[in-house]
Amino acid sequence: MKRIISAIVHDRPGVLNRVSSMFRRRGFNIASLAVGHSEKEGFSRMTIVVDNVEGMQADQITTQLDNVVEVVEAADITDHPTVIRETALIKVAATPSTRGQVIEILDLFSGIEVANVSTEWIIIEMTGTTEQVEAILALLEPHGIIELMRTGLIALTSN
Amino acid sequence: MKGVAVMELAGGELICESLIEEGVDLVFGHPGGAILPLYDHLTKYPQIKHVLTRHEQGAAHAADGYARSTGKVGVCIATSGPGAINLVVGLATAYMDSTPMVAITGQVTRGAIGKDAFQETDITGITLPVTKHNYLVTKASDLPMVIKEAFHIAKTGRPGPVLIDVPRDVLQEMTPFNEYPTTIDLPGYKPVLEPNNEQIEYAVNLINKAKRPIILAGRGVQISQAEEQLVALAEKAQIPVICTLLGLGAFPGSHYLNLSLMGMHGSAFANIAVDESDLVINIGARFDDRIVGKVEEFATKAKFVHITIDPSNINQNVEAHAPVVGDAKLVLENMNPLIKSAKRTEWLKRMDQLRNKHPFFIPETDKLLPQFVIRQLWEATGGQARIVTGVGQHQMWAAQLYPTTVERGFITSGGLGTMGYEVPAAMGMQMGRPEDLVWSIAGDGGFQMTLQELATIRDEKLPVKFAIMNNSYLGMVRQWQELFYDNRYNQIDIAGPDWVKLAEAYGIHGIRVDNKENVLSAIHEANQHDGPVIVDFVVEQEGNVYPMIPAGQSVNEMVEDPDMDEKSSMVAK
Ligand SMILES: Cc1cc2nc3c(=O)[nH]c(=O)nc-3n(C[C@H](O)[C@H](O)[C@H](O)COP(=O)(O)OP(=O)(O)OC[C@H]3O[C@@H](n4cnc5c(N)ncnc54)[C@H](O)[C@@H]3O)c2cc1C
Ligand SMILES: Cc1ncc(C[n+]2csc(CCOP(=O)(O)OP(=O)(O)O)c2C)c(N)n1
Ligand SMILES: [Mg+2]
């Protein structure tokens, strides 16, 4: 099972290492981790997606995170109402002759921008749910994805 | 403060001032380049006694033994690089066994960090997984607050070691100092002490309804000083009590409700009792895998109440029906008035049956068995000596056959199982309890790992008594090779020096005993000797520790001593 964890941590050197070290040594598999400034000065928010979590392990993730002194708050928000997004930068092959077809695909989605373009490729920036990102990737695949960078999930609870 | 002239102090002085504020009067350490400014300042603070150990591992274990036997925070000091790394096994030992410690290490100067400088090691990186928290201090003015926080974190919640790494130029940096901080702001560290009422009521209800309850008391009982409340609960509700290896001493070994130890080398009666029980009440223990074995077959008829201060220990190995998060003493104080008095006559009768049918026992023989030595020691000291052990067979026999009646009177490396603990930890224990008789029940293998501390013990004139269980073997490893590797012995001959001569070389009194007749007199001689003593008990080489539940298995696979028969002298029921 996949769990989504939201944590508030001190914005200090080494904190990311403390958190990721805990995940590594407890055998939790991080699928994605996003970190950035939070609403509170001096504190960052992390969204961590953990893969293959079995039974009682789910509790362990948050309680072990709580044991990291620099983690102020840790919650498993998987089963909460949330807004979850990720951003992907996709460099897809597109020559002047195929560019039209690629643009047609992009038109099917919202939250998309063309970030850059050349005679060989287009760089697309897309923000959406994981499903939307996966869907566009599937459609672009036949054109040839040259490079891909996904941010991993960021999430806020909506209750 | 306005109007008051502010003093300027060097970082090293700030450390000394802060240690004094924290009530520290004893530190264990070993100097070197990066930490030298601190050593230079220490001379100005005679209130802080420094013990020079011969190895930093010794300093860490000594601080650990001091902390476990007193409940205070143990402090150790080392220089950068190799000095700091030598502390690591001691920090890990303390971390696993919930021991409050603060380690201070020197570091290369701030400008040299990250440049592979001489004796530079990323000690905060290395110790991240074996400390509760650690700090790299980058300016002297941070030192008082860092030390305040470190002591707070070390001794509250589930206690543990905290390391503070201080660059040499920070130790020298002058900074204004007016007063030691009085408050702490750690938004990410708020251990829950007061239990929640609903959790208490739910647990109480299970306890009151239980027909065959058992208490499993762990180190958490000692940490929260809940020994009295534990006895009150057990007596009011007539519930037998098992202690974990680290909980020994939390419940009097002489009490009629005492069931001794359970688990891999626990008593058969305790293991069977847990298997038959309908409620296991864990108070301040982790449910370590040496207790649980195979989770699916552990106490299958029982529900679990789990009282602990560390929520991450709940549902870690065993799923709790009634978790109670809080300090054990506060929890029991809240719980006890709600507990119904009960007789539980049937259940206690069953306990007596089990004790009689499956006692600990010592095989009848003319040979000198380590079990016999330990039992004699127990008799000769009335169970009143403070015991330290190493790791291995002698450790298990000590736990089984020396049921201590002394609070914090039995210390041993459980979670990490660190051989070599027996020498320096005994030193720390004796310094923490200068008036008390300290016996270290030592393995000949483990002793050889840290025996350099004999010099420290001599210098400090510590009257520690060592009982070396000299089987010339890594006995526990030999037992596993015999039982699980079809007698294929390999790399277990660990014969040491002539122990009596070694003792003499260190200026310590040495006694050799190789037969049953001389055991008692040697123990008495050691007790009466006004200084450290090493007794070399040349014991039978090939005995096995029973009962035994092989790793990861259950009470169904428990093996009792094949030699047990009616003639065997039954002890420690
Ligand atoms: C060779 C060998 C064999 C062993 N065999 C056995 C065996 O047969 N049986 C056995 O029992 N052990 C055995 N052990 C030891 C075992 O590995 C564990 O170390 C031990 O069981 C842990 O005991 P514990 O849970 O009480 O202590 P810890 O591991 O120190 O855990 C303490 C618990 O108490 C909690 N706590 C701390 N402070 C408080 C407080 N104020 N209030 C409430 N809770 C608190 C903590 O959160 C934690 O959950 C063996 C070890 C070795 C080396
Ligand atoms: C530092 C360390 N290395 C290795 C081990 C593995 N080990 C566990 S018990 C044991 C044998 C201990 O021998 P000894 O101290 O003589 O005690 P005995 O079992 O003979 O009583 C060993 C090697 C350990 N626990 N600690
Ligand atoms: Mg041995």
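User: Which ligand 2 atom does a backbone N or O atom of G417(B) lie 2.8 Å from?
Analyst: In this predicted model, the partner of that G417(B) backbone atom is a nitrogen atom of ligand 2, and the distance between the two is 2.8 Å.

User: And what sits by the oxygen atoms of ligand 2, say at G446(B)?
Analyst: A polar backbone atom of G446(B) is 2.8 Å from an oxygen atom of ligand 2, and a backbone N or O atom of Q393(B) lies 2.9 Å from an oxygen atom of the ligand as well.

User: How much of the accessible area of ligand 2 does the protein cover?
Analyst: On its own ligand 2 has 580 Å² of accessible area, of which the protein covers 76%.

User: Which elements give two or more residues to that shell?
Analyst: Those elements belong to chain B, and they are α17 (393–401), α19 (444–450) and α21 (475–484). The largest share comes from α19(B), which provides four residues.

User: How many residues surround ligand 2, and which are the closest?
Analyst: There are 17 residues around ligand 2, with H394(B), G417(B), D444(B), G446(B) and G475(B) as the closest. Sorted by class, the residues of this shell come out as seven nonpolar, nine polar and one charged.

User: OK, over to ligand 1. How many residues surround that one?
Analyst: Ligand 1 is surrounded by 37 residues, and the closest of them are S98(B), T244(B), M262(B), R286(B) and N313(B). By class, this shell holds 11 nonpolar, 18 polar and eight charged residues.

User: What does T244(B) do there in terms of distances?
Analyst: An N or O atom in the side chain of T244(B) is 2.7 Å from an oxygen atom of ligand 1. The side chain of D288(B) likewise places an N or O atom 3.1 Å from an oxygen atom of ligand 1, while at G415(B) it is a polar backbone atom that is 3.0 Å from a ligand oxygen.

User: What percentage of ligand 1 does the protein bury?
Analyst: The protein buries 98% of the 990 Å² that ligand 1 exposes when taken alone.

User: Where in the secondary structure does the shell of ligand 1 come from?
Analyst: In chain B, α10 (219–223), α13 (289–292) and α17 each supply at least two residues of the shell, and the largest share, three residues, comes from α10(B). Helix α17 of chain B is also among the elements that give two or more residues to the shell around ligand 2.

User: Changing topic: how do α12 and α15 of chain B cross?
Analyst: The axes of α12 (residues 268–276) and α15 (residues 345–357) of chain B come within 9 Å and cross at roughly 145°, and the crossing of α12(B) and α15(B) is right-handed.

User: Which residues meet there?
Analyst: From α12(B) the residues are F269(B), I272(B), A273(B) and E276(B), and they meet W347(B), R350(B), M351(B), L354(B) and R355(B) of α15(B). In terms of class, this contact has six nonpolar residues, no polar ones and three charged ones.

User: Any backbone oddities to look at? What about the bond from Y546(B) to P547(B)?
Analyst: The peptide bond from Y546(B) to P547(B) is cis, with omega near -10°, and P547(B) is found in the loop between β21 (533–538) and β22 (569–571) of chain B. For context, most peptide bonds are trans, and most residues other than glycine have a negative phi. In chain A, N52(A) is not a glycine and yet has a positive phi of about 50°, and its place is in the loop between β3 (43–51) and α2 (57–67) of chain A.

User: Since you mention chain A, how many helices and strands does it have?
Analyst: Chain A comes to four helices and nine strands, and along the sequence they follow the pattern β-α-β-β-α-β-β-α-β-β-α-β-β. Taken along the principal axes, the C-alpha atoms of chain A fill a box of roughly 55 × 35 × 30 Å.

Definitions and conventions: Residues numbered from 1 in each chain as written. Chains lettered and ligands numbered in written order. Predicted model: local features only at pLDDT ≥ 70, side-chain atom pairs only at ≥ 80, totals over all residues. Heavy atoms only, no water. Near = heavy atom within 4 Å. Polar contact = N/O pair within 3.5 Å; in protein donor to acceptor, adjacent residues only side chain to side chain. Areas by Shrake-Rupley, 256 points an atom, 1.4 Å probe, with all protein chains shown as cover. Nonpolar A, V, L, I, M, F, W, Y, C, P; charged D, E, K, R; others polar. Axes fitted to C-alpha atoms, helices over the stretch in contact; angles between N-to-C directions. Left-handed = near helix turned anticlockwise from the far one by under 90°. Contact = heavy atoms within 4.5 Å.
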